[in-house]
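Trainee: I should like to learn how to read a protein model step by step. May we begin with a single residue and then widen the view?

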Amino acid sequence: MAKIYFSREFREVEVEEGEDLRSIALRHGINLYPGMLKYLNCRGRGFCGTCRVRVHNQEVASEPTKVEKAKIPQTDPSVRLACQCFVYGDCEVQSFPRVKQGWMQHKVYQHLVEE
Ligand code: FES
């Protein structure tokens with residue numbers, strides 16, 4: 001068993017190891033999608049890129065898939081697609097992470113996305 005702590009929701013859940021974060025979140029009523037994307041997502045196939053989360057303990061997470069690497073900018077390795085990220089131990093997960101993209105990658109704007 002692994003303990004997953006969803007930090008924005010202040011919820012800790014116990015799950016079987018090797019399960020993907022999207023399934024875990026949905027089963028426990030934790031929303032990962034902004035607005036209408038709750039209904040208009042790819043249902044865990046890795047195509048839409050809307051289920052982004054930040055995983056704070058990367059050692060217990062699976063390696064990023066090819067699909068995931070294509071969807072997420074490589075500037076922040078802790079940001080993952082929940083549907084492509086399988087967890088094998090205790091970790092903390094943050095939904096709706098701020099991601100440094102485009103002009104926000106410039107160091108002048110770093111303070112806007114730091115947490
Ligand atoms: S649900 Fe579409 S990429 Fe995860």
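Mentor: Let us begin with Phe10, which is exposed because 7 other C-beta atoms lie within 10 Å. The cut-off for this class is 12 or fewer such neighbours. Please keep in mind that this is a predicted model.

Trainee: Where does Phe10 lie?

Mentor: Phe10 belongs to the loop between S1 and S2.

Trainee: What should I note about the phi angle of Phe10?

Mentor: The general idea comes first. Most residues other than glycine have a negative phi. Phe10 is not a glycine, and yet its phi is positive, at about 55 degrees. Arg43 offers a second case: it too is not a glycine, and its phi is positive, at about 60 degrees.

Trainee: Is Arg43 buried or exposed, and where is its place?

Mentor: Arg43 is exposed, because 9 other C-beta atoms lie within 10 Å of its own. Its place is in the loop between H1 and S4.

Trainee: How many helices and strands does the protein have, and what pattern do they follow along the sequence?

Mentor: The protein has three helices and seven strands. Read along the sequence, the pattern is β-β-β-α-β-α-β-β-β-α.

Trainee: How are strands arranged in the open sheet?

Mentor: To read a sheet, one lists its strands in the order in which they lie side by side. Here five strands form an open sheet with the order S2-S1-S7-S4-S5, and the pairing is mixed. The edge strands are S2 (11–15) and S5 (79–81), each of which pairs on one side only. On average, neighbouring strands of this sheet are turned by 35 degrees against each other, direction ignored.

Trainee: Which pairs of strands show what "mixed" refers to?

Mentor: One compares the directions of the paired strands. S1 and S7 run parallel and are joined by three bridges. S4 and S7 (residues 91–95) run antiparallel, again with three bridges. S4 and S5 also run antiparallel, joined by three bridges.

Trainee: Which residues stand opposite one another across these strands?

Mentor: Ile4 stands opposite Cys91 in S7. Val55 has Val93 in S7 as its bridge partner, while Val53 stands opposite Arg80 in S5. As a general point, the side chains of a regular strand alternate between the two faces of the sheet.

Trainee: Which residues have the most contacts inside the largest nonpolar core?

Mentor: That core has 18 residues, and those with the most contacts inside it are Leu21, Leu32, Cys51, Val53, Ala82 and Cys85. Strand S1 (2–6), helix H1 (21–27) and strand S4 (52–55) each supply at least two residues of the core. H1 gives the most, with three residues.

Trainee: What does Ala82 touch?

Mentor: Leaving aside residues up to four places away in sequence, Ala82 touches Asp20, Leu21, Arg22, Ala25, Leu32, Cys51 and Val53. For the protein as a whole, buried residues make up 21% of the 115 residues.

Trainee: How should I read contacts between residues that are distant in sequence?

Mentor: One takes the contacts between residues at least 6 apart in sequence and asks what share spans a long stretch of chain. In this protein, 59% of them join residues at least 24 apart.

Trainee: Why does Asn57 count as partly exposed, and what does it touch?

Mentor: Asn57 counts as partly exposed because it has 15 C-beta neighbours inside 10 Å. It lies in the loop between S4 and helix H2 (66–71). Not counting residues up to four places away in sequence, Asn57 touches Asp90, Cys91 and Glu92. Asn57 and Gly89 are 32 residues apart along the chain, and their C-alpha atoms are separated by 8.9 Å.

Trainee: How does Lys71 read in the same terms?

Mentor: Lys71 lies in helix H2. Lys71 is partly exposed, because 19 other C-beta atoms lie within 10 Å; a buried residue would need 20 or more. Beyond residues up to four places away in sequence, Lys71 touches Gly46, Gly49 and Leu81. Lys71 and Gly49 are 22 residues apart in sequence, with 5.8 Å in space from C-alpha to C-alpha.

Note on methods: Residues are numbered from 1 along each chain as its sequence is written. This is a predicted model: local features need pLDDT of at least 70, side-chain atom pairs count only at pLDDT 80 or more; totals for chains, interfaces and linings use all residues. Helices (H or I, at least four residues) and strands (E, at least two) are DSSP runs, numbered from the N terminus. Two residues are in contact if their C-beta atoms, placed from the backbone, lie within 7 Å. A nonpolar core is a set of buried Ala, Val, Leu, Ile, Met, Phe, Trp, Tyr and Cys residues joined through C-beta atoms within 7 Å. Two strands pair if DSSP finds at least two bridges between them. Axes are lines fitted to C-alpha atoms, for helices over the stretch in contact, and angles run from 0 to 180 degrees between N-to-C directions.
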